[in-house]
Amino acid sequence: MIAIVKYNAGNIRSVQNALNRLGYESIITDDPSLLRSADKVIFPGVGEANSAMRYLRANGLDEVIRSLKQPVLGICLGLQLMCESSEEGNTTCLGIFPNKVKRFQGDAIIPHMGWNNFEEAGGSLFKNIAPSENVYFVHSFYAETGQYTTAVCNYIQPFSAALEKDNFYAAQFHPEKSADIGTLILKNFLEL
Amino acid sequence: MLKKRIIPCLDIQNGRTVKGINFVEIRDAGDPVELAKKYAKEGADELVFLDITATIEKRDTLVELVERVAAEIDIPFTVGGGINSVDDVRRIIAAGADKISVNSSAVKRPELITEIADEFGSQCVVLAIDTKFNGNDWKVYVKGGREETALYAVDWAVQGVSLGAGEILLTSMNNDGTKGGFALDITQSICNAVKVPVIASGGAGKEEDFRDLFTTTDATAGLAASIFHYNEIPIPQLKDYLKTQLISIR
């Protein structure tokens, strides 16, 4: 069973739809025992970092997520919340990855919205995937690159498109909305 | 590099895809879910569903349609037409849409944009603007293009973004259905005025129209309906062509 973390962030349903298409059963839950016993946990989300972290702390989910031992995949806001801190609402995040999350600066269009390729892509999520492939991004904040960065994308400057550390994985893009390539990335995670 | 997006638009009436010419004459163009799947497979970058009669007729069929689309396709999609309240948005997003678009309802009550952005984020709110050149100015029209307002397109786009809109979907009524190309001038005026993605719509008739859009304006996406529905320009052919023109395309 795959558990999808239920919290005050949108767009969780589309992750479940993607899992259904791949033939995986999933449950959307905030129950700590169900999250701990799941084969894999997906931590998705579209929303605002500060209110999301407040919700997670108020419900004890911050400790639960940090202490999970099975493979965990953060998506979009999920990735940002797994980092150390975010400039969005000046938020202290879960600190699973030491990266800092910053707001895109400059004159370019923000959010970074649409399909973009990787500059480089390695690690377990990108098995059989070339860096030239495109995936779908929608975000105004980005995680800096660092030692746990497994995929880099460039918009305004290079940033972490994916992170990996121990049993924790994270994608800034939306694999559930990235057509065949996204499906392959999800499959790579589900088959870990 | 960020890619320019090709977006088929499906106008929905009573659960079917339809296409009007200059906002008036309506032709049937097929089952929306089947068309959506076909477009996603062919490489469409996003989809837009506009329920063109939603302001008049019942909306439950739209929510069911959104659920079916969300279950079947793996690219982002926007749903618009007759969204009047945060409650409407909640139902559409819960059914699986990635974004919603507002048009007449936002002109009537601009705070709606802020209310939706506050709850779902700006990335979720597309401000659809129907505009027509009256000889002097590009004015904003509402109610499916039937009613002129006092608003100017550029001013309304700027106001909409300041209220929380995360994207502008600009349709030139002068160009819509003519297949004579996009309205490049007003598209670029909007691009110059706001720092959010702009989707140009109305007038696409040939591959070169998309090239001109992407080489002469900063629009990040081109939207069209009939040329895709009637297979006049298959999406793979359009994308291959744009790549030969060195436009950044997925």
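Let me start with one residue, Thr215(B), which sits in helix H8 of chain B, residues 207-216. Bear in mind as you look at it that this is a predicted model. The side chain of Thr215(B) reaches the backbone oxygen of Arg211(B) at 2.8 Å. There is also a partner further along the sequence: Ile247(B) is 32 residues away along the chain, and the two C-alpha atoms are separated by 7.9 Å.

Now let's step back to the whole of chain B. In secondary structure, chain B comes to 10 helices and 12 strands. Its radius of gyration is 16 Å, close to the 18 Å that the globule rule gives for 250 residues, so chain B is as compact as a globular protein of that length. If you like to think in boxes, the C-alpha atoms of chain B fill one of roughly 45 × 45 × 40 Å along the principal axes.

On to chain A, then. Here we have six helices and 14 strands. The radius of gyration of chain A is 15 Å, and the globule rule gives 16 Å for 192 residues; the two are close, so this chain too is as compact as a globular protein of its length. The box for the C-alpha atoms of chain A is roughly 45 × 35 × 25 Å, again along the principal axes.

How are the strands of chain A arranged? Let me take two sheets in turn. One is an open sheet of eight strands, and the order to follow on your screen is E2-E1-E3-E4-E14-E13-E12-E9, with mixed pairing. Its edge strands are E2, residues 26-29, and E9, residues 120-121, and each of them pairs on one side only. Within that sheet, have a look at strand E4, residues 72-75, and strand E14, residues 168-171: they run parallel and are joined by four bridges. To find the spot, go to Leu73(A), which stands opposite Tyr169(A) in E14.

The other is an open sheet of four strands in chain A, ordered E6-E5-E7-E11, and its pairing is mixed as well. Why do E6 and E11 each have a side without a neighbour in this sheet? Strand E6 (91-92) and strand E11 (141-143) stand at the edges with a single partner strand each, so one side of each is left free of a neighbour there. Inside the sheet, E5 (residues 85-86) and E7 (residues 100-103) run parallel, joined by two bridges. The pair to click on here is Ser85(A), which stands opposite Lys100(A) in E7.

While we are in this part of chain A, two backbone details deserve a moment. Most residues other than glycine have a negative phi, and most peptide bonds are trans. Asn90(A), in the loop between E5 and E6, has a positive phi of about 50 degrees although it is not a glycine. And Ile110(A) is joined to Pro111(A) by a cis peptide bond, with omega at about 10 degrees. You will find Pro111(A) in the loop between E7 and strand E8, residues 112-117.

Finally, let's bring the two chains together. How many residues does each chain give to the contact? Chain B gives 30 residues and chain A gives 26. Between them the chains bury about 2,300 Å², with 52% of that on carbon and sulfur atoms. On the chain B side, Leu2(B), Asp74(B) and Lys195(B) lose the most area to chain A, and together they make up 27% of what that side buries.

What about charges? The count between the chains is one salt bridge. It joins Asp98(B) to Lys177(A), with the closest N and O atoms 2.9 Å apart. For polar contacts, there are 17 residue pairs across the interface, counting pairs with both residues at pLDDT 80 or more. Helix H2 of chain B, residues 60-72, gives the most to the side of chain B that touches chain A, with four residues. By class, that side has 13 nonpolar, four polar and 13 charged residues.

That's my tour, and I'm happy to go back to any of these spots with you. Thanks, everyone!

Conventions:
Residues are numbered from 1 along each chain as its sequence is written. Chains are lettered from A and ligands numbered from 1 in the order in which they are written. This is a predicted model: local features need pLDDT of at least 70, side-chain atom pairs count only at pLDDT 80 or more; totals for chains, interfaces and linings use all residues. Side-chain values use heavy atoms; hydrogens and water are left out. Two strands pair if DSSP finds at least two bridges between them. Contact means heavy atoms within 4.5 Å. Buried area is the accessible area (1.4 Å probe) that two parts lose on being put together, summed over both. A salt bridge is a side-chain nitrogen of Lys or Arg within 4 Å of a carboxyl oxygen of Asp or Glu. A polar contact is a pair of N or O atoms within 3.5 Å; within protein, one must be able to donate a hydrogen and the other to accept it, and residues adjacent in sequence count only if both atoms are side-chain atoms. Ala, Val, Leu, Ile, Met, Phe, Trp, Tyr, Cys and Pro count as nonpolar, Asp, Glu, Lys and Arg as charged, and the others, Gly among them, as polar. The radius of gyration is taken over C-alpha atoms; the globule rule is 2.2 Å times the number of residues to the power 0.38.
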